[in-house]
Amino acid sequence: MTNEPDFDLESQETNDELFEHYRFEVPKGQAFLRIDKYVTFLIPNATRNKIQNAADNGDIYVNDVPVKSNYKVKPFDVIRILLAHPPFENRIDPENIPLDIIYEDDVLIVLNKPPGLVVHPGHGNYTGTLVNALVYHFQNLPVNSSNRPGLVHRIDKDTSGLLVVAKTEQALANLAAQFEFKTSEREYVALVWGNVKEDSGTITGNIARHLKDRMQMAVFEDPEIGKPAVTHYKVLERFGYVTLVSCKLETGRTHQIRAHMKYIGHVLFNDERYGGDQIIKGTTFTKYKQFVDNCFKLLPRQALHAKTLGFKHPTTGEMMRFDTEIPADMQSVIDKWRAYSSVKEVEEEED
């Protein structure tokens, strides 16, 4: 299956490298003009909205510095558009990869994605993705605005859990609208570093690429930077040095939970990209370090699972809710922390 090339500046799954897709040098004599207007004139199939989104995502650079869409170009500026995927058309080959399908009917599929499975092809992952599996198992899936068959939303490679996939154009449009207008329900379970102080709370703050580390997303209080994001959290269980929390999403930004939890000082357990693969809380005792290292080995990824998913059926209007068990790797680490904290409490009582 080969997709027709089109101008698309949607951010991809975050990778270890950014690729130059376009480069322009502003000629001598150019009058000051907003960069979103200027670039729209130069790129085939571009729309001003897509250019603005690219700027909001931090993908447009002028003289090697990311700029906002209202930046006014001037003569001799060097404009570059950098994205996380290579600047060529991706070929999607059908691959017989097993799918854990929770529910299926004529218009949609709900599946449970295992950790380690990339959702769609991108830099370093051109095969072996969920999309490769979808085009093998299902024919004539509709493509979204990014030419990705069936995808309504996505979760990170090392996050496990529920995804809904559309089988018809009508279902794709309907489900996408539910996600956009915040009427879908999504709950994740996460194990985070530290003892979360409040039993529940709401995290707000715009999310965009980190200004220094482009592989991370960060929270910005400036309303003109990034996209609004809202996460509601609730403590499920406390283990002293780590906490098990439920996170319900109002919005679905890239790395939203990972960035929001770091913003409030509680990085996800073993989240390498955000620094959670180090001992952040606890003691200096060798036995404790060995315990944490063993946990890291049992769960070689961030402790995040998309546990529940709810939406209205695009044809019947019926509210549908799905729930999955926490996968074995994450559950084993939760059990170890539960046992560790119980022993620690007993030792403190005896002291």
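So, the crossing of helix 1 and helix 2: in this predicted model, that crossing is right-handed. Helix 1 covers residues 35-42 and helix 2 covers residues 48-56. Their axes sit 9 Å apart, and the packing angle is about 125°. That angle makes helix 1 oblique to helix 2.

Who actually touches whom in that pair? On the helix 1 side we have Ile35, Asp36, Lys37, Val39 and Thr40. On the helix 2 side, the partners are Arg48, Ile51 and Gln52. If you sort the residues of that contact by type, you get three nonpolar, two polar and three charged.

Okay, next up, the sheet. We've got an open sheet of four strands, the order is 1-6-3-4, and the pairing is antiparallel. Which strands stand at the edges? Those are strand 1, residues 19-25, and strand 4, residues 65-66. Each of those has a single partner strand, so one side of each has no neighbour in the sheet.

Let me zoom in on strand 1 and its pairing with strand 6, which is residues 78-83. The two run antiparallel and are joined over six bridges. If you want a spot to click on, go to tyrosine 22, which stands opposite isoleucine 81 in strand 6.

Now back to helix 1, since it ties the two parts of this talk together. Besides packing with helix 2, helix 1 lies across strand 1, strand 3 and strand 6. Strand 3 is residues 60-62. Relative to strand 6, helix 1 runs at about 80°.

Last topic, backbone torsions, and I've got two residues for you. As background, most residues other than glycine have a negative phi. Asparagine 63 has a positive one, near 55°. You'll find asparagine 63 in the loop between strand 3 and strand 4. Is asparagine 63 buried or exposed? Somewhere in the middle: asparagine 63 is partly exposed, with a relative accessible area of 40%.

The other one is lysine 182, and its phi is positive too, near 65°. Lysine 182 is in a loop as well, the one between helix 4, residues 169-180, and strand 10, residues 185-193. Its relative accessibility is 46%, so lysine 182 also counts as partly exposed, given that exposed would need over 50%.

If you open the model later, have a look at asparagine 63 in its loop between strand 3 and strand 4, and then at helix 1 lying across strand 1, strand 3 and strand 6.

Note on methods
Residues numbered from 1 in each chain as written. Predicted model: local features only at pLDDT ≥ 70, side-chain atom pairs only at ≥ 80, totals over all residues. Heavy atoms only, no water. Axes fitted to C-alpha atoms, helices over the stretch in contact; angles between N-to-C directions. Parallel < 35°, antiparallel > 145°, perpendicular 65-115°, else oblique. Left-handed = near helix turned anticlockwise from the far one by under 90°. Contact = heavy atoms within 4.5 Å. Nonpolar A, V, L, I, M, F, W, Y, C, P; charged D, E, K, R; others polar. Pairing = 2+ DSSP bridges. Buried < 20%, exposed > 50% of the residue type's maximum accessible area, 1.4 Å probe, protein only.
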